[in-house]
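Hello,

Here is the structure I promised to pass on. Please open it beside this message, and I will walk you through what turned up.

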Amino acid sequence: MKKDVFSRYSRQIFIDEIGLEGQRKIMNAKVLVVGAGGLGSPVIQYLAAAGVGTLGVADFDEVELHNLNRQIIHHENTVGMSKVKSAEQFVSKLNHHINFIGIDEKVSASNAEKILAQFDIIVDGTDNFTTRYLINDTCVQLNKPLVYGSILGFSGQVAVFNYKGSKNLRDLFPEPPFDEDLPDCDSLGVLGALPGIVGSMMANLILKIITELPLHGNQITLIDTLHWRFQTIDF
């Protein structure tokens, strides 16, 4: 490993459980983040900072002014730009070693398998149930681990699905609810720091998967930042 690369990642290499071998695994990993919004932003930020070798980002949306309270990789000068392009600019400025793969299109039934097959780990940072279940089902089909997160108001959820034989989203919630019956961030809002908390937890889980650190499967963590309560439930 080159001296400048070692120096850059030295503080995580110094962790006994990571070391040089773990850093090499991180630098060889291929991770896809679906959604470059509130959850995707901290995930992208911390994976790029950690040196994940290939970082894919799939999103079909553009940056809007109201995104900026929580979608921290975007800024005022990228309002109106595609989120994928804005994410690429952020990553390139943070870490030029990263191989960034931008996918400026919606993940759909017609392209999900082709897109997800290119990566080792899939990250669900989306905000609608149709896409969530499509990503989950495709990960099951391709046998890819899925790191899941969701946020609303002061509350969030984090889980890892389909990892080393663990259960998937449908084992926990067999069918998606009707979207029109559910509140979302557009109607009820979200406190900007919440996706930072949840997204950082997701990034931590991703790095644990990459470096093959112990990870409990079949668990979902419920986060209530209003009352500052964290609960992990087995399923």
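Is asparagine 143 buried or exposed? Asparagine 143 counts as exposed because its relative accessibility is 61%; buried means under 20% relative accessible area, exposed over 50%, and partly exposed in between, with a 1.4 Å probe and protein chains only. Asparagine 143 lies in the loop between α7 and β5. Its phi is near 60°, a positive value in a residue other than glycine. For background, most residues other than glycine have a negative phi.

A word on how to read all this. The model is predicted, so local features need pLDDT of at least 70 and side-chain atom pairs count only at pLDDT 80 or more, while totals for chains, interfaces and linings use all residues. Residues are numbered from 1 along each chain as its sequence is written, and side-chain values use heavy atoms, with hydrogens and water left out. Helices (H or I, at least four residues) and strands (E, at least two) are DSSP runs, numbered from the N terminus.

**Strands and a hairpin**

Strand β7 (residues 219–224) is a good place to start. Strand β6 (residues 155–161) runs antiparallel to β7, and 5 bridges join them; two strands pair if DSSP finds at least two bridges between them. Glutamine 157 has leucine 222 in β7 as its bridge partner. β7 also pairs with strand β8 (residues 229–234), again in the antiparallel sense, over 6 bridges. Here threonine 221 is matched with threonine 232 in β8.

β7 and β8 form a hairpin with 4 residues between them. Tryptophan 228 sits in that turn and has a positive phi of about 55°, although it is not a glycine. Tryptophan 228 counts as exposed because its relative accessibility is 56%.

**Aromatic rings**

How many aromatic pairs does the structure hold? There are 4, where rings of Phe, Tyr and Trp (its six-membered ring) pair if their centres lie within 6.5 Å; planes under 30 degrees apart count as stacked, over 60 as edge-to-face and the rest as tilted. Tryptophan 228 appears again here: with phenylalanine 230 it forms an edge-to-face pair, 5.3 Å centre to centre and with 80° between the planes. Phenylalanine 230 counts as partly exposed, at 41% relative accessibility. Elsewhere, ring pairs link Tyr148, Phe161 and Phe235 into a cluster.

**Salt bridges**

Side chains of opposite charge can pair when their charged atoms come close. The count comes to 7 salt bridges, each being a side-chain nitrogen of Lys or Arg within 4 Å of a carboxyl oxygen of Asp or Glu.

- Lysine 83 bridges to aspartate 61, with the closest N and O atoms 3.9 Å apart. This pair links distant parts of the chain, 22 residues apart: lysine 83 is in helix α5 (residues 83–94) and aspartate 61 in the loop between β2 (54–58) and α5. Lysine 83 counts as buried at 5% relative accessibility, whereas aspartate 61 is partly exposed at 32%.
- Aspartate 124 and arginine 132 form a salt bridge with the closest N and O atoms 2.8 Å apart. Aspartate 124 is buried, with a relative accessible area of 1%, and arginine 132 counts as buried at 7%.
- Aspartate 137 meets arginine 170 in a salt bridge (2.8 Å, N to O). The two are 33 residues apart, with aspartate 137 in helix α7 (residues 129–142) and arginine 170 in helix α8 (residues 169–172).
- Glu21, Lys25 and Glu212 are linked in a network of salt bridges.

**Nonpolar cores**

In soluble globular proteins, nonpolar side chains tend to be buried together. A nonpolar core here is a set of buried Ala, Val, Leu, Ile, Met, Phe, Trp, Tyr and Cys residues joined through side-chain atoms within 4.5 Å. The largest has 38 residues, and those with the most contacts inside it are Val31, Ile44, Leu47, Leu55 and Ile206. α10 gives the most to this core, with 8 residues. Leaving aside its neighbours within four places in sequence, leucine 47 is in contact (heavy atoms within 4.5 Å) with residues including Val31, Leu55 and Ile206. Apart from the largest core lies another of 20 residues, among them Val107, Leu146, Ala159 and Phe161.

Happy exploring, and all the best!
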